[in-house]
Amino acid sequence: MPTTMPANLDPSLNDADLAAALVRNAGALALAMRQRGLEELRGTAAEKTNVADVVTAADLAAESYIFEQLRHCRPADSIVGEEGAGFSGNSGRSWVIDPVDGTYNFYSGSSYWCSALALAIYAHDGGAPASAPVTGAVAGSPLGDADVLLGAIFQPQEDRLWLGGSGQPATLNGAPIAVDSRRHIGQLSAGTYIHPKWLGEPQAGTPWQRAAQLPATLRMFGSGSCDLGRVAQAELGVWFQHSCPAWDWLPGKGIVRAAGGDTAVVPVNGLDWFVAGPAEGVRAIRAALESGSLGPGGLERE
């Protein structure tokens, strides 16, 4: 498998075909770099916020590839990349890139990682279109309420390509998909993630535990975009996590909503929780999270 991509993609590709090509090629590039050997890959890793939040040379190469292709194919669009790639365009459209989601899995040898991106559009100042700021913030920023025209997620080692958004039906490898049709949260599985340090902190641990008691079972796999793709195809029922940056949220948000699901951003104790799944499941998780709101002095409310 080559570690360099072929010549530039064709700018006449429609957005869905362009997004599919970008995540497929970026995922293939990252996988090829990993196949040189895990030790070599780990030698390129740098810790960001903690030991489980790292960046490798493969993340950087995949993001650089997507950035260069978007500048070639969509020169007026803004670009926001997890690893720092950014461009402020004037079209009102923003591409949000996660070149390798689940990097800890990726450099540990797991297959549960993906390349993901979203094409988002939003309005401010009375509805006038504007380019997105080059930032990862979601809640409280224009990107938090963005209309996701298109989300694309590709899991290379399972050859799963999810697409969907407000302008694109939800599909897995071209076949239509839909969220779980069961209504009661007690019948649904839940994908989630919480960093170990937060479990002992009531600010996050209390609402998480309230929500985690509701589903039939819990899954914690380590790639939010892979999880959200599975929510869209009903392999997982619901999903919730706090403090998601734009690149971890928007690709899956667009696909889940296109698959007939609902999404929510729920502020509790100064943290924003991101929830996706069937509407009834989202409502139940939201209520449980809000029930974990702390009173004065950080004490649990009765």
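In the predicted model, Asp-59 falls within helix α3, which spans residues 57–73. Its relative accessibility is 0%, so Asp-59 counts as buried, the limit being under 20%. The side chain of Asp-59 is not without a polar partner: it makes a polar contact with the side chain of Thr-56, at 2.6 Å. Contacts also reach beyond the local sequence. With neighbours within four places in sequence set aside, Asp-59 touches four residues by name: Glu-83, Pro-99, Val-100 and Thr-103.

Helix α1 covers residues 15–34 and has 20 residues. From first C-alpha to last, α1 reaches 28 Å. This is close to the 28 Å expected at 1.5 Å a residue. Helix α1 is largely enclosed by the rest of the structure, because 16 of its 20 residues are buried. The N-terminal end of α1 is capped by Asn-14. Here a side-chain oxygen of Asn-14 lies 3.2 Å from the backbone nitrogen of Ala-16.

Aromatic side chains were examined next. The structure contains five aromatic pairs. One aromatic cluster is formed by Trp-239, Trp-249 and Phe-274. A ring also takes part in an arrangement with a charged group. The charged end of Arg-71 is placed over the ring of Phe-87. The distance to the centre of that Phe-87 ring is 3.7 Å. Arg-71 is thus listed with a ring partner, whereas Asp-59 has a polar contact to Thr-56.

Terms used: Residues are numbered from 1 along each chain as its sequence is written. This is a predicted model: local features need pLDDT of at least 70, side-chain atom pairs count only at pLDDT 80 or more; totals for chains, interfaces and linings use all residues. Side-chain values use heavy atoms; hydrogens and water are left out. Rings of Phe, Tyr and Trp (its six-membered ring) pair if their centres lie within 6.5 Å; planes under 30 degrees apart count as stacked, over 60 as edge-to-face and the rest as tilted. A charge sits over a ring if NZ of Lys or CZ of Arg is within 6 Å of the ring centre and within 35 degrees of the ring normal. Helices (H or I, at least four residues) and strands (E, at least two) are DSSP runs, numbered from the N terminus. Buried means under 20% relative accessible area, exposed over 50%, partly exposed in between (1.4 Å probe, protein chains only). A polar contact is a pair of N or O atoms within 3.5 Å; within protein, one must be able to donate a hydrogen and the other to accept it, and residues adjacent in sequence count only if both atoms are side-chain atoms. Contact means heavy atoms within 4.5 Å. The expected span of a helix is 1.5 Å times one less than its number of residues.
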